[in-house]
Every structure is written in C-alpha cells, then in structure tokens.
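Thanks for coming, everyone. I would like to take a few minutes to walk through one model, beginning with the ligand and then turning to two places in the protein itself.

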Amino acid sequence: MPARVPLSNAGPAETEILIVGGGLVGMAMAAALGGAGIPVTLVESEKLPDITAETFDGRSSAIAYGSQQVLSGIGAWDYIAAAAEPIRDIRVSDGGWQYREASPFFVHYHFADLNPDTVPGAHGAQPPFGWIIENRAVRVGLLKRLAEIAAVTHLPGTRVREIAFEGSFNVVTLDDGTLIRARLVIGADGRASAVRRMAGITTQELGYKHSAIVCTVTHDRPHDGVAHEHFLPVGPFAMLPMTDDAEGRHRSSIVWTEDPRIIPMLLALSDDELGGEIERRFGPTLGRIRPVGPRFNYPLKMILASTYIREGLALAGDAAHGMHPIAGQGFNMGVRDVAALSEVLVDAWRGGADLGSLAVLEHYARWRRFDNLMMLVVTDGLTRLFSNDIGPIRLARDIGFFLFNKAKPLKRLAMRHAMGIVGTLPRLVRGEKL
Ligand SMILES: Cc1cc2nc3c(=O)[nH]c(=O)nc-3n(C[C@H](O)[C@H](O)[C@H](O)COP(=O)(O)OP(=O)(O)OC[C@H]3O[C@@H](n4cnc5c(N)ncnc54)[C@H](O)[C@@H]3O)c2cc1C
C-alpha cells in the first residue's frame with residue numbers, strides 16, 4: 001500500500017479528508033473519522049440554523065438496529081435517543097383503500113421472534129427492529145457530537161464549487177474562493193452530487209410514477225410501537241410510530257406515495273380534510289388522525305453511481321446510491337457506508353498508508369457495492385410489484401404474503417436484513433470500537 005507523505009502546511013489550507021455534504025451521512029462520516037483522530041473538514045452548503053428548522057426536512061427515518069449501533073459507536077446516539085421510538089412490530093398488508101377491503105393476508109414481524117443471542121452487540125437483551133426518529137432530531141444529535149470533536153472542522157453555509165483531482169492531493173475550491181488541499185475527498189452531497197459530476201462518474205437512473213407525501217400526524221389511539229405498511233393501488237402507504245409530543249399526543253409519521261398530479265391538491269386540503277383522506281387509506285386502527293406541522297412532497301427515483309471510487313475520491317450515501325423509501329433503507333445503507341469506509345480508512349491511517357490511494361479505497365468499494373446494489377434491486381422490485389392493482393398480480397402477491405408468513409426461517413432472515421445485521425459486518429455495526 002502506498003505510504004502517506006506528511007501534510008506540508010504550506011500554501012492553501014490542508015486536511016487529510018474533505019467531506020462534501022453535511023447531510024445525515026456526511027455528518028456521521030465526519031464524526032466517525034474525526035472521532036478516530038483523523039483531521040477532517042466537513043463542507044455543507046446550507047447554513048446552520050436552517051438545517052435544523054422544522055421546514056427543512058419533514059421526514060422521520062426508520063433507523064435499523066445495525067445503524068443505531070453505528071450511531072452509538074460514533075458517540076451520537078446519546079444525543080438522539082430521547083427522540084427515538086422503538087419499532088417492536090411490523091405489519092405489511094395489501095391495503096385496498098376504497099377499491100376493496102384490505103387483504104386478510106399480511107406479513108407480521110414481531111421483535112420477540114428473533115433470538116437476541118444471534119444479534120451482534122445485543123448482549124442477550126431483546127433489541128427492537130429499529131427506531132423511528134425525526135431526521136431533524138438526528139441532525140441536532142450529530143451536530144452536538146461534531147462540536148465535541150477537535151479533529152473536525154465544520155464549514156456550514158459554504159458550497160464546494162470546483163475540485164481539481166491532482167494525484168496525491170486534490171485541490172478543492174469553495175464558493176468564496178478559498179482553496180483547501182485534501183488527500184481524500186468524500187462526496188456525501190446527495191442524489192444530485194456535484195462531486196460525482198466533477199469526477200466524471202456516470203449514473204444509472206430509474207424514475208417512479210409516484211411521489212411521496214410526508215407529514216407528521218396525531219391520532220387518538222396509541223400505536224404500540226407498530227410500523228404499518230399498506231400497499232395501495234398507487235404505491236405504498238406507511239404509518240411509522242413516533243414518540244408522543246410534549247402534550248402527550250400520540251404521533252406517527254406518514255410516507256404516502258401518490259400520483260404527482262393530485263399531490264398539490266391534497267397538500268392544499270385543510271387539516272380535517274387531509275386527515276379524512278389519510279383515515280380512508282389507513283383505516284380505523286388508530287382512531288381519528290390529523291396532520292400537524294408542515295407537509296412535504298418528495299419526488300422519488302432510483303440512482304446508482306457507476307463507481308464509488310477514484311484515486312483520491314470516494315462516494316457515500318445518496319451520492320452513491322439513492323433508492324425508493326418503500327423499505328426505509330436509504331439512510332441505513334448510507335450508515336453502513338460510513339461504518340465500512342471509516343473502518344477501511346482508520347486501519348489505513350494507523351498503518352501509515354495514503355488514504356487517497358486506490359489500494360485503500362478498493363476495499364470500501366468491494367465491501368459496499370454489492371450490498372447496496374442488492375438493496376436497490378429489492379426495493380425497486382417491491383415497488384413495481386406492489387404499485388399496481390392488476391387482479392392476477394394482486395392474487396399472486398397475497399398468496400405470497402400467506403406463504404411467507406408461514407415460512408419462519410425465511411421471515412427471520414428478512415427481519416435480520418431489515419435490522420441491518422446480515423453479511424460481513426463492520427466493527428461499528430457489531431457494537432465494537434473503530
Ligand atoms: C420520503 C422519504 C422517506 C425516507 N425514509 C427513510 C427511512 O425511513 N429510513 C432510511 O434509512 N432512509 C429513508 N429515506 C432515505 C434517506 O432520507 C436518504 O437516504 C438520506 O437522507 C441521504 O442522506 P445523504 O446525507 O446521503 O444525502 P442528503 O440528505 O441529500 O445530504 C446531502 C447534503 O449535501 C449538501 N450539498 C450538496 N451539494 C453540496 C456542495 N456542492 N457543497 C457543499 N454541500 C453540498 C446538501 O445541502 C445536503 O445537506 C427516505 C427518503 C425519502 C425521500
């Protein structure tokens with residue numbers, strides 16, 4: 001492996017690693033690498049109070065058990081835990097809003113069906129599948145953790161304008177003309193990644209016929225930690241259990257895929273009207289449902305970068321792979337990128353190797369590409385299978401639900417996948433130190 005030449009500290013500012021994009025993945029990456037003592041600069045185009053505003057990101061994420069292990073290992077979980085609602089039960093059904101009754105066949109996963117002794121890092125305690133947490137709360141928690149790490153220089157409100165990939169060092173130009181030399185650039189700048197474009201990395205993309213409405217709702221009855229996913233004719237409709245609010249009202253987050261042509265009309269409805277539309281789709285389980293706070297509309301598409309690495313460059317999170325939220329796995333796959341890339345880089349750092357060298361980065365690409373590709377294929381296949389109401393397909397998938405529900409070993413494997421504890425697990429996912 002090529003040895004590392006020391007930083008010169010001459011000319012423009014220098015850093016070992018420059019991360020472009022301080023979204024959820026970029027911040028987690030900076031906390032992992034900086035926490036291990038590697039000098040990291042994190043550049044985020046949005047200003048600081050803005051990215052934690054209620055109107056910035058309305059999503060709540062299903063954070064898998066394995067991702068929680070990572071957030072804990074990088075020192076961020078203690079700042080997030082109070083906002084996290086455990087998922088104890090998952091119910092997936094072929095719902096039938098106004099067309100027909102929901103299918104009697106549904107898949108039911110209960111957290112206690114999994115033997116805790118087979119879950120890495122659980123130490124015999126029964127872990128939930130994961131947690132539902134507002135993205136805003138994850139952002140606040142990660143920001144608090146970053147503020148504690150001396151090796152991280154955080155530059156919010158600054159855009160990366162240009163990158164010259166120049167052998168052993170890259171020269172990064174910020175919007176205000178500042179130059180920073182970095183041995184490795186990590187592109188964590190999301191689906192429309194400018195880093196990916198500047199590096200000349202192409203993508204494969206597939207659009208969907210629907211977009212997602214996202215908002216928080218309150219409801220009369222408690223959710224009991226159950227995450228629901230109904231497959232409606234247009235696409236999936238998810239009701240995800242959140243913590244109660246300060247006034248003790250029961251809350252859930254909805255991800256409702258709909259025909260983009262009618263979304264503006266739905267978003268303009270009064271709270272009572274929109275609540276009624278949600279109840280018609282979800283059914284009576286939670287009693288009266290009403291939206292609270294801002295409503296959001298997210299266009300959906302699948303995107304895959306042709307490569308994750310170049311000399312001096314690695315892509316992570318949505319910049320490398322963006323997927324449909326049907327299985328709530330986009331951020332989770334990004335967290336696994338963080339766990340794998342930080343492990344590879346920290347080991348290389350301790351061994352005195354050049355962090356930008358292909359010999360180092362190839363370990364990361366080999367480790368993560370197949371796992372991400374499989375998840376993209378599965379989420380895309382599920383989306384297409386369940387986003388239609390053709391009679392024979394509906395019958396086939398209902399029979400599939402029925403058989404799957406009876407097949408205990410297959411169900412247990414699916415649960416372990418959903419928890420992010422299948423495959424060659426990085427140390428952070430196993431609950432170990434980096
Ligand atoms: C409706 C919906 C529901 C979802 N639910 C789940 C779920 O339940 N569970 C789950 O695991 N995943 C879920 N996801 C996916 C998840 O939200 C994404 O995978 C995740 O947010 C990606 O994070 P990221 O940091 O890679 O990218 P982003 O969040 O896009 O962050 C990129 C950052 O880079 C910054 N940036 C961009 N360009 C530049 C530049 N030139 N210079 C500096 N900064 C720049 C941006 O400002 C941004 O902050 C969902 C997605 C959608 C759409």
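**The ligand and its surroundings**

Let me begin with Glu 44, where a polar side-chain atom lies 2.7 Å from an oxygen atom of the ligand, and please keep in mind throughout that this is a predicted model. Asp 318 also takes part, with an N or O atom of its side chain 2.7 Å from an oxygen atom of the ligand, while at Val 160 the partner is a polar backbone atom, which sits 3.1 Å from a nitrogen atom of the ligand. On its own the ligand has 1,000 Å² of accessible area, and the protein covers 90% of that.

Stepping back, 30 residues surround the ligand, and the closest are Glu 44, Ala 62, Asp 318, Phe 331 and Asn 332. By character, the shell divides into 12 nonpolar, 12 polar and 6 charged residues. Among the elements that each supply at least two residues of this shell are the helices α1 (24-35) and α8 (330-350), together with the strand β12 (203-219).

Now to Glu 14, which belongs to strand β1, residues 13-20. Is Glu 14 buried or exposed? Its relative accessibility is 15%, and because the cut-off for buried is under 20%, Glu 14 counts as buried. Its side chain makes a polar contact with the side chain of Arg 181, at 2.7 Å.

Finally, helix α4 has 14 residues, which at 1.5 Å a residue should span 20 Å, and the C-alpha atoms at its ends are indeed 20 Å apart. Several residues of α4 are buried, including Val 138, Arg 139, Leu 142 and Arg 145.

Conventions
Residues numbered from 1 in each chain as written. Predicted model: local features only at pLDDT ≥ 70, side-chain atom pairs only at ≥ 80, totals over all residues. Heavy atoms only, no water. Near = heavy atom within 4 Å. Polar contact = N/O pair within 3.5 Å; in protein donor to acceptor, adjacent residues only side chain to side chain. Areas by Shrake-Rupley, 256 points an atom, 1.4 Å probe, with all protein chains shown as cover. Helix = DSSP H or I, 4+ residues; strand = E, 2+ residues; numbered from the N terminus. Nonpolar A, V, L, I, M, F, W, Y, C, P; charged D, E, K, R; others polar. Expected span 1.5 Å × (residues − 1). Buried < 20%, exposed > 50% of the residue type's maximum accessible area, 1.4 Å probe, protein only.
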